[in-house]
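I opened this notebook to record what I looked up about charged pairs and aromatic rings. The entries follow in the order in which I made them.

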Amino acid sequence: MRCPLCHFNGTRVLDSRPVNEAKSIRRRRECEDCGHRFTTFEMVEETPLLIIKKDGTREEYSREKVLRGIVRACEKRPVPLEVLENIVDKIGQELRSSGKVEVHSDEIGELVMKALYEVDEVSYVRFASVYRQFKDINVFIKELEELLSNTKIKDCP
């Protein structure tokens with residue numbers, strides 16, 4: 001590490017500690033030549049995750065955008081914000097751990113629907129109605145019937 005004062009190319013680390021929820025490391029350094037002390041931060045450089053939208057355009061993955069969609073589906077429902085944030089965090093981790101640089105928006109939608117189904121069925125139907133763009137009431141009724149049949153199977157001893 002180069003000293004910002006004298007530009008000598010040798011420093012020693014005096015202190016290291018995790019910061020920003022252990023996502024980065026703060027290091028206190030001292031120049032071996034002039035003795036100047038300064039602070040550096042080290043963090044993992046994440047490669048951007050690109051989302052391929054339905055129209056073929058690409059945009060960077062946005063945790064906030066996914067959270068907004070889930071919050072909208074859960075409005076006036078007894079689902080705490082902490083649960084919704086955990087869902088978004090798990091989805092983000094799953095997408096990044098897949099090793100893919102580009103992901104289709106359909107994959108994100110399916111992950112959200114799966115998570116909402118387990119948390120709140122009404123929110124699931126709300127999200128599905130927007131995500132799947134139900135064209136008429138018959139498609140909507142079919143989705144509800146599927147949900148009801150799965151719920152009956154799930155609730156049986």
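Entry 1. I began with Y124 and noted first that the model is predicted. Y124 has a relative accessibility of 10%, and it counts as buried because the cut-off for that class is under 20%.

Entry 2. I then looked up the aromatic pairs and found a count of one. The ring centres of Y117 and Y124 lie 5.3 Å apart and their planes stand at 80°, so I recorded the pair as edge-to-face. The angle decides this, because planes over 60 degrees apart fall in that class.

Entry 3. I turned to the salt bridges, of which the structure holds ten. One of them joins the side chains of R12 and E30, with 2.8 Å from N to O. R12 belongs to strand β1 (residues 11-19) and E30 to strand β2 (residues 24-31), so this bridge ties together parts 18 residues apart in sequence. I noted R12 as partly exposed at 44% relative accessible area, whereas E30 is buried at 14%.

Entry 4. I asked which residues are linked with E30 in a network of salt bridges. They are R12 and R37. Between R37 and E30, the closest N and O atoms are 3.3 Å apart. R37 is partly exposed, at 47% relative accessibility.

Entry 5. Last, I looked up R77, which forms a salt bridge with D120 at 2.9 Å between the closest N and O atoms. R77 sits in the loop between α1 (63-73) and α2 (81-97), and D120 in the loop between α3 (105-119) and α4 (121-131), so I entered them as distant parts of the chain, 43 residues apart. I recorded R77 as partly exposed at 29% and D120 as buried at 8%.

Technical notes
Residues are numbered from 1 along each chain as its sequence is written. This is a predicted model: local features need pLDDT of at least 70, side-chain atom pairs count only at pLDDT 80 or more; totals for chains, interfaces and linings use all residues. Side-chain values use heavy atoms; hydrogens and water are left out. Rings of Phe, Tyr and Trp (its six-membered ring) pair if their centres lie within 6.5 Å; planes under 30 degrees apart count as stacked, over 60 as edge-to-face and the rest as tilted. Buried means under 20% relative accessible area, exposed over 50%, partly exposed in between (1.4 Å probe, protein chains only). A salt bridge is a side-chain nitrogen of Lys or Arg within 4 Å of a carboxyl oxygen of Asp or Glu. Helices (H or I, at least four residues) and strands (E, at least two) are DSSP runs, numbered from the N terminus.
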